[in-house]
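Student: I am new to this structure and would like a close look at a single part, taken slowly. Could you begin with one helix and then move outward?

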Amino acid sequence: MSLLTLDNVTIRFGGLTAVDSVNLEVQQGEILALIGPNGAGKSTVFNLITSIYNPTEGRISLDGKPLVGIPTHKIADMGITRTFQAIRLFTELSVLDNVKIGAHCRGKAGLVHSFTRLPSMKREEAEIEEKSLEALGFLDLASKQDEIAKNLSYGEQRRLEIARALVSKPKLLLLDEPAAGMNPQEKVVLMEMIRRIRDTGITVFLVEHDMKLVMGISERIAVLDYGKKIAEGTPSEVRSNKAVIEAYLGSGKFKSRIRR
């Protein structure tokens, strides 16, 4: 069943077409990867899904409900959360507080409740802390809850960002280059965690340059080149697709990268 649908989505910046008539469906419960050379439009697709940009043409929907025109801060309420290429943490706050910030987007208490500290506000704060600790435990960061975020290792900071995205219990998790900057062991841990996230019922849509990770974890792969989707299929289908090989390196180097 299709969870997210992109229907002839196009965006132009002046004379540049960054995403060109892309059709794509993300199925409920799958791990889908979006790959392509630098500048292919991958992160732009994520920015369109989360309403950072509005498409010049086309439609985007989640569970049949249109996303175009929905304010960015409302996208999480609809069930989509994301991480970014560059880590975006509150570096001077604790690990736990960083995750609690992600949970507050689903909070019901308003400004008056925050100042008056009514029982309903206290209950909500307790629930947020419980959910945040659960997310940290899931990402193997519970023992770090009181540490300042900037003191974590790079791989731990990446996982903290994922924990913050998970705490609101999304339907769809967008991961933008989650393995960037990680060492090989950290990537192995990341792959296992992405599988565990999917196994909880959350659909995962990732942009990633590490072909070994992509081929090892994805059930389907879509490929962009100059803003156009040039291929889509299983890892084995994409691996042997001539257009994909040419788009990357114009030689057999692509095959060697994904087989290492």
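Student: Which residue follows α1, and what is the sign of its phi?

Tutor: The residue that follows α1 is Ser51, and its phi is positive, near 65 degrees. Before going further, please keep in mind that this is a predicted model, in which local features need pLDDT of at least 70, side-chain atom pairs count only at pLDDT 80 or more, and totals for chains, interfaces and linings use all residues. Residues are numbered from 1 along each chain as its sequence is written, and side-chain values use heavy atoms, with hydrogens and water left out.

The helix itself, α1, covers residues 42–49 (helices are DSSP runs of H or I with at least four residues, strands are runs of E with at least two, and both are numbered from the N terminus). Eight of the eight residues of α1 are buried, so this helix is largely enclosed by the rest of the structure; buried means under 20% relative accessible area, exposed over 50%, and partly exposed in between, with a 1.4 Å probe and protein chains only. Reading along the helix, the buried residues are Lys42, Ser43, Thr44, Val45, Phe46, Asn47, Leu48 and Ile49, so charged-looking names such as Lys42 should not mislead you here: Lys42 is listed among the buried residues of α1.

Moving outward, Asp77 is found in helix α2, which spans residues 72–78. Asp77 is partly exposed, because its relative accessible area is 36%. Although Asp77 and Lys169 lie 92 residues apart along the chain, their C-alpha atoms are separated by 9.9 Å.

After α2 you can turn to strand β6, at residues 80–82, which belongs to an open sheet of six strands. The order in that sheet is β6-β7-β8-β3-β9-β10, and the pairing is mixed; two strands pair if DSSP finds at least two bridges between them. The edge strands are β6 and β10, the latter at residues 228–233, and each of these two pairs on one side only. For β6, there is a pairing with strand β7 (residues 172–176), which runs in the parallel sense over three bridges. Within this pairing, Ile80 has Leu172 in β7 as its bridge partner.
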